[in-house]
Amino acid sequence: MYCNIGDEKLGVRFLETPPVAPETEASCQGMATMATRTSAMGSKTTGKQSSLPAAMFSRNNVSMWSVLKKCIGMELSKITMPVVFNEPLSFLQRLTEYMEHTYLIQRANASHDSIHRMKCVAAFAVSAVASQWERTGKPFNPLLGETYELVREDLGFRWVSEQVSHHPPISAFHVEGLKKEFSFHGSVYPKLKFWGKSVEAEPRGIISLELPQHNEAYTWTNPTCCVHNIIMGQLWIEQYGNVEIINHKTGEKCCLTFKPCGIFGKELHKVEGYILDKSKRKVCALYGKWTECLYSVDPATFEAQRKPDSKRSEKDRKESAQSNNVEEEPDDMPLPEAETVQVIQGSELIWRISPRPHDSRKYYSFTSFALQLNELHADTQQILPNTDCRLRPDIRALENGNIDLAGAEKTRLEEKQRTAQKSRSKSNQDWKIRWFAPGPNPHTGAADWIYNDQYWSRSYSQLPDIY
């Protein structure tokens, strides 16, 4: 997919890939098929599980309106939802899907050009939300103290995350390359709001990527995610908002816009923006769809291509204003103007999404990467802390197709958490956070959660009994 060849008909060049380790190259092609094994380092998942034990339940006969009608404008993290609306993953596991396209970090690290590195980091930031396409199931809210680890030798990283706060819900994570060639970390506080027809997840928290070989650090925040047709109709997802990626060493920035679909749907899933040098000069244009791919092209070529599109868009806006005095949210997902991105001549392909399994919709629209996140084997279980998501009985029950047990266990765990909180309050005891500590982000100074480098020592004594 990524080699130094060209398509003369389209005038497209494919981003040249620097030499990488064989296991990383295999992951780029999505062809890694290895056995799962365990060692003192961690639980290794390398692509064995290709389906779930049971298919998802139909939600057609369940009314979400009965749950949400009294919650307009409220924060959804404080609302108990029926388990049928969940997918069998914790939010901590869902966060791990940032790493599906880790090869983009490896490619950035191998490059000797800062603009090329920024292209790869921008593609990684876009790819991080790609797995949310058609994922309308809600991940389980993590319990306070819940953790998740993942070691992928084939992709070259190990991940640890912890739920460090319950109100507000804050999830902290830290990832490192197995050869210490990169560090990726952050804390995420998704603010969920119900707005009548839709649920909006506003991301809060800084994402940081560090490349020690280049002495570089990049920071950004994710776009807003919105799930439409919560009450009735077909659920559909869009991402929108501005994402600014900063290289704190060079002063270069990448300013991306995730476009809202609009009434006619011509902007559906589109992403576009520019890489700016430290003097704010446009050196590269980026465009594509977060559901599909990302290209780079010369800014002048990109802007020349945009002029006809801008005229058409202005005409559409005028027609819309004449037929609608108030802009409304579309009831159904608008059809995109084109099934695929219209490639501009002279463009360079930076990233393309990996194909999903043919029966993905049967299994909550999971990607191949997501299908493996809750995989658990006896030898793995022996080394996991008792707070790991894989050991949550409600998630495991839903994955196995026992929705009644999943609902009962979810209620039990939530009540157990409330009882423990009341007990701590009465005795004036503070909750002990194990693997992270509050502190300023080293690059922005904003409030963050910093990893304490202790998790992988495997000293798990006196962990709380949260399940």
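Trainee: What makes up the accessible surface of the chain, and how is the area obtained?

Mentor: The total is about 21,500 Å², and carbon and sulfur atoms hold 51% of it. The areas come from the Shrake-Rupley method with a 1.4 Å probe; for residues, only the protein chains shown count as cover. Keep in mind that this is a predicted model: local features need pLDDT of at least 70 and side-chain atom pairs pLDDT 80 or more, while totals for chains, interfaces and linings use all residues. Residues are numbered from 1 along each chain as its sequence is written, and side-chain values use heavy atoms, with hydrogens and water left out.

Trainee: How many of the 467 residues count as buried, as a percentage?

Mentor: Here 54% of them do. Buried means under 20% relative accessible area, exposed means over 50%, and partly exposed is in between (1.4 Å probe, protein chains only).

Trainee: Why is N215 called exposed or buried?

Mentor: N215 has a relative accessible area of 60%, so it is exposed. N215 sits in the loop between β13 (207–211) and β14 (216–220), and its phi is near 55 degrees, a positive value in a residue other than glycine.

Trainee: And what about N428, exposed or buried?

Mentor: With 70% relative accessible area, N428 is therefore exposed. N428 lies in the loop between α10 (403–426) and β22 (436–440). Its phi, near 55 degrees, is positive too. Most residues other than glycine have a negative phi, and most peptide bonds are trans.

Trainee: Which peptide bond is cis, and how do you know?

Mentor: The one from H167 to P168, going by an omega near 0 degrees. P168 belongs to the loop between β8 (157–165) and β9 (170–177).

Trainee: What counts as a helix or a strand here?

Mentor: Both are DSSP runs, numbered from the N terminus: helices are H or I with at least four residues, strands E with at least two. The chain has 10 helices and 23 strands.

Trainee: At what angle do α4 and α5 cross?

Mentor: The axes of α4 (residues 103–110) and α5 (residues 114–127) come within 8 Å and cross at roughly 170 degrees. That makes the two roughly antiparallel, since angles over 145 degrees count as such, under 35 as roughly parallel, 65 to 115 as roughly perpendicular and the rest as oblique. Axes are lines fitted to C-alpha atoms, for helices over the stretch in contact, and angles run from 0 to 180 degrees between N-to-C directions.

Trainee: Which residues of α4 make the contact?

Mentor: L104, I105, R107 and A108. Contact means heavy atoms within 4.5 Å.
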